[in-house]
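Let's look at a protein together and ask, each time a label is used, what earns it. Take a moment with the sequence and the model first.

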Amino acid sequence: MPPTPPPQDPPNPQDPEAGRPAEDPPASCLALCSHTHLFPGARCRLQGLPHPEAFAAAPEPLDVYLRFSDGTAAAAELRTGDATTLTVAAHTTAAGTPLAENAWVVKGFTLQQEEVELAIGARSPLPPPGTAG
């Protein structure tokens with residue numbers, strides 16, 4: 001007969017986190033960008049992160065949906081590692097300017113209320129195809 005597991009304490013009703021399953025990081029996140037395209041010094045704000053303070057302190061790889069100020073959008077991937085980069089898929093601005101796929105260094109993450117602001121740095125070489133964050 002297998003051993004009986006030890007009894008577990010019931011959830012504390014005074015603890016708002018009691019009984020809740022641990023949250024997984026979001027599969028993707030919306031980011032509002034302050035301009036029609038990215039460039040060194042541009043800013044984007046990640047919205048809807050379950051724990052923005054923790055993410056700002058220790059970013060993790062994340063699929064991002066960028067929404068630019070002209071209403072256009074592009075898929076992107078935040079990659080962490082030796083350098084944190086944001087790889088943005090090719091897209092076209094509302095004015096019709098085609099933009100090729102680019103990767104950008106993310107200079108920093110700042111907590112802004114419930115959002116995390118990304119500060120965009122210089123362009124970075126594109127990662128090899130098929131590499132993960």
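Q: Which residues are linked in a network of salt bridges?
A: Arg-43, Arg-45, Glu-115 and Glu-117 are linked that way. Keep in mind that this is a predicted model, where local features need pLDDT of at least 70, side-chain atom pairs count only at pLDDT 80 or more, and totals for chains, interfaces and linings use all residues. Residues are numbered from 1 along each chain as its sequence is written, and side-chain values use heavy atoms, with hydrogens and water left out.

Q: Why is the pair Glu-117 and Arg-43 called a salt bridge?
A: The label needs a side-chain nitrogen of Lys or Arg within 4 Å of a carboxyl oxygen of Asp or Glu. For Glu-117 and Arg-43 the closest N and O atoms are 3.9 Å apart, so the pair makes the cut. Glu-117 lies in strand β9 and Arg-43 in strand β2, so the salt bridge ties together parts that are 74 residues apart in sequence. By the way, strands (E, at least two residues) and helices (H or I, at least four) are DSSP runs, numbered from the N terminus.

Q: What makes Arg-45 and Glu-115 a salt bridge too?
A: Their side chains meet at 3.3 Å, N to O, and that is within the limit, so the name fits. This pair also links distant parts of the chain, with Arg-45 in strand β2 and Glu-115 in strand β9, 70 residues apart. By this rule, the full count comes to four salt bridges.

Q: Are Glu-117 and Arg-43 buried or partly exposed, and how do you know?
A: Buried means under 20% relative accessible area, exposed means over 50%, and partly exposed is in between (1.4 Å probe, protein chains only). Glu-117 has 14%, so it counts as buried. Arg-43 has 39%, so it counts as partly exposed. Arg-45, at 28%, is partly exposed as well.

Q: What does Arg-79 do with Glu-77?
A: Arg-79, found in strand β4 (residues 73-79), forms a salt bridge with Glu-77, with the closest N and O atoms 3.1 Å apart. The two side chains also make a polar contact at 3.1 Å. That term asks for a pair of N or O atoms within 3.5 Å; within protein, one must be able to donate a hydrogen and the other to accept it, and residues adjacent in sequence count only if both atoms are side-chain atoms. Arg-79 is buried, because its relative accessible area is just 11%. Glu-77, at 23%, is partly exposed.

Q: Why is Gly-81 called exposed?
A: Gly-81 has a relative accessible area of 58%, so it passes the exposed mark. You'll find Gly-81 in the loop between β4 and β5.

Q: Where is Thr-84, and is it buried or exposed?
A: Thr-84 is in the loop between β4 and β5. Its relative accessible area is 18%, so it is buried. Leaving aside neighbours within four places in sequence, Thr-84 is in contact (heavy atoms within 4.5 Å) with Leu-78, Arg-79, Trp-104, Val-105, Val-106 and Phe-109.

Q: What makes something a nonpolar core, and how many residues has the largest one?
A: A nonpolar core is a set of buried Ala, Val, Leu, Ile, Met, Phe, Trp, Tyr and Cys residues joined through side-chain atoms within 4.5 Å. The largest one here has 25 residues, and Leu-38, Leu-46, Val-64, Leu-66, Leu-78 and Leu-86 have the most contacts inside it. Elements that each supply at least two residues of this core include β1, α1 (52-57) and β8 (102-112). In soluble globular proteins, nonpolar side chains tend to be buried together.

Q: Which residues form a nonpolar patch on the surface?
A: Leu-30, Leu-32 and Tyr-65 do, with about 240 Å² of accessible area together (Shrake-Rupley method, 1.4 Å probe; for residues, only the protein chains shown count as cover). Patch members need over 30% relative accessible area and no salt bridge; like charges are joined within 9 Å, nonpolar side chains (Val, Leu, Ile, Met, Phe, Trp, Tyr) within 5 Å. Leu-30 has 31%, so it clears the area limit and counts as partly exposed. Leu-30 is found in strand β1 (residues 28-33).
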